[in-house]
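Good morning, colleagues. Today I should like to speak about charged side-chain pairs, and I ask you to look at the sequence and the structure as we proceed.

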Amino acid sequence: MSLAQNNKIVSTEELSKLKDKSLFCSKAFVNGKWVDAASGKTFKVSDPATLENFGSVADLDATDTRKAIDAACKAFHSWKDTTTKERAQVLRKWYNLIIENKNDLARILTLEGGKAFAEAVAEVEYGASFIEWFAEEAKRTYGDFVPSPIKNSRLIVWKQPVGVAGIITPYNFPNAMITRKVGAALAAGCTVVVRPAHETPYSALALCELAQRAGIPPGVFNVVPCSSDHTSEVGGELTKNPTIRKVSFTGSTSVGKMLMEQASSTMKKVSFELGGNAPFIVFDDADLQTAAEQLLQCKFRHSGQTCVCANRVYVHETVYDEFVDKFVSLVKQKLKVGHGLDEGTTFGPIITERGLEKLEDHLKRSKEAGAKVVFGGKRPSLKITGQFFEPTVMVDVSYDIPMSCEETFSPLCPIYKFSDTQEMLKKANDVTVGLAGYFFSRDIGRIFQVAEALEVGLVGVNTGDIDSEIIPFGGVKESGVGREGSRYGIDEYLNLKTVKIDF
């Protein structure tokens with residue numbers, strides 16, 4: 001690990017480097033217009049790498065949100081009647097504009113979310129891929145013609161848009177989590193009201209500007225930013241308002257359970273992508289260099305702040321020491337801590353103060369349980385005063401540490417030693433969530449057995465990279481319900497209607 005130069009970066013000065021400054025929007029976007037909160041209130045947004053406030057955004061409340069829902073409802077009646085080809089063409093224009101402006105979008109994302117710039121560009125490209133994908137899938141929302149068991153009768157199954165969708169997104173992927181949901185919704189013929197995380201509203205608002213340029217009609221795509229003071233009431237409006245017929249949420253399991261309970265009051269259709277606690281398993285026949293390289297990417301992507309990050313690393317005892325040496329060597333060589341806009345940075349800050357506090361609590365409790373830190377374990381000495389923490393590797397780990405049962409959502413990497421495969425798999429599955437899991441082996445029989453045994457929705461075999469617009473993304477157990485992306489993702493925004501015709 002090395003430290004970036006961290007020459008004093010001033011967030012407001014970085015904004016002046018945007019080629020298209022109109023992408024930096026501070027008002028809400030409702031019914032095709034930029035609007036202030038009715039109260040006139042705003043909230044500040046800060047750079048997690050410097051803690052500098054670099055902008056203020058309209059702070060909407062439940063009353064403002066109802067107006068956005070009403071606008072989306074009105075727009076739905078015309079949007080649902082557009083042809084799938086018409087929707088596909090508009091989405092394709094939106095995709096092209098996102099790609100054309102990806103560097104500006106990435107700069108905004110880095111300032112509010114802390115990602116290294118190259119990683120932010122990758123997120124924008126990843127996010128755009130969902131718009132492109134669902135532009136194509138819009139034309140493939142096929143129904144069915146069902147053979148009737150009765151003469152002189154015909155059975156038809158149609159797919160129709162659910163209606164207005166309420167969408168609540170997290171701070172760790174402020175671009176891609178919106179496009180993955182909104183792309184599917186708009187392709188299906190739904191309209192949306194989006195509440196972005198209060199830490200990262202600017203990425204959502206920049207997408208609105210480009211959506212408007214692409215020709216998405218007023219009321220179809222609405223964004224209602226709000227501060228932490230109004231998070232609950234705005235979220236409650238999206239989950240309880242009877243006009244909303246679908247809720248999609250990405251975030252913690254605890255919040256997901258609360259939102260599901262609220263949405264049940266009007267029996268809304270829901271898709272929730274919630275927390276994970278991903279096992280990463282290295283068997284004795286694995287390619288250790290590949291496994292170490294993939295763990296580096298999988299564990300420390302966005303400084304460990306993704307729901308599919310490796311959370312618990314299990315390594316067979318016969319290769320344990322060799323693997324740890326290879327992995328620590330890579331951490332030392334490849335990771336560079338600093339501001340995301342500083343040249344060469346690969347590892348940025350923790351986005352929230354509460355996330356940093358949770359990290360330090362997990363580390364403290366792990367050390368008390370006997371874990372040994374072989375790399376990292378402290379806040380680095382930088383010229384900037386943001387929420388940074390070193391990538392941290394722990395060995396001699398027992399099952400008494402917090403990460404055995406809790407998602408750490410941080411750059412803490414505990415490495416467990418195992419000898420018995422069945423016992424290890426029991427431990428790997430002994431959690432309440434099941435989003436992603438990874439393992440490395442060259443035994444084809446073992447590959448099928450372990451892939452089937454892991455209680456997760458996504459499995460990476462000999463890879464730590466499972467993200468793509470073409471696969472169904474989602475988990476099992478308390479990691480949520482529904483799937484995003486792939487040909488299945490659009491179905492989350494469609495209802496089936498059966499028509500029986502007798503003659």
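How many salt bridges does the count come to? In this predicted model, the count comes to 28 salt bridges. As general background, side chains of opposite charge can pair when their charged atoms come close.

Let me begin with Glu132 and Arg92. These two residues form a salt bridge, with their closest N and O atoms 3.0 Å apart. Arg92 belongs to helix 3 (residues 84-100) and Glu132 to helix 5 (residues 117-137), so the salt bridge ties together parts of the chain that are 40 residues apart in sequence. Arg92 itself counts as partly exposed, at 33% relative accessibility.

I turn next to Arg446 and Asp284, whose side chains meet in a salt bridge at 3.5 Å, N to O. Arg446 is found in helix 14 (residues 444-453), while Asp284 sits in the loop between strand 13 (278-282) and helix 10 (288-300); the pair therefore ties together parts 162 residues apart in sequence. Asp284 is partly exposed, its relative accessible area being 38%.

The third pair is Asp467 with Arg301, where the closest N and O atoms of the salt bridge are 2.4 Å apart. Here, too, distant parts of the chain are linked: Asp467 lies in the loop between strand 21 (458-461) and strand 22 (476-477), and Arg301 in the loop between helix 10 and strand 14 (310-316), 166 residues apart. Is Asp467 buried or exposed? With a relative accessible area of 18%, Asp467 is buried, whereas Arg301 is partly exposed at 25%.

Finally, Arg180, Lys181, Glu273 and Glu484 are joined into one network by salt bridges that share partners.

Key: Residues numbered from 1 in each chain as written. Predicted model: local features only at pLDDT ≥ 70, side-chain atom pairs only at ≥ 80, totals over all residues. Heavy atoms only, no water. Salt bridge = Lys/Arg side-chain N within 4 Å of Asp/Glu carboxyl O. Helix = DSSP H or I, 4+ residues; strand = E, 2+ residues; numbered from the N terminus. Buried < 20%, exposed > 50% of the residue type's maximum accessible area, 1.4 Å probe, protein only.
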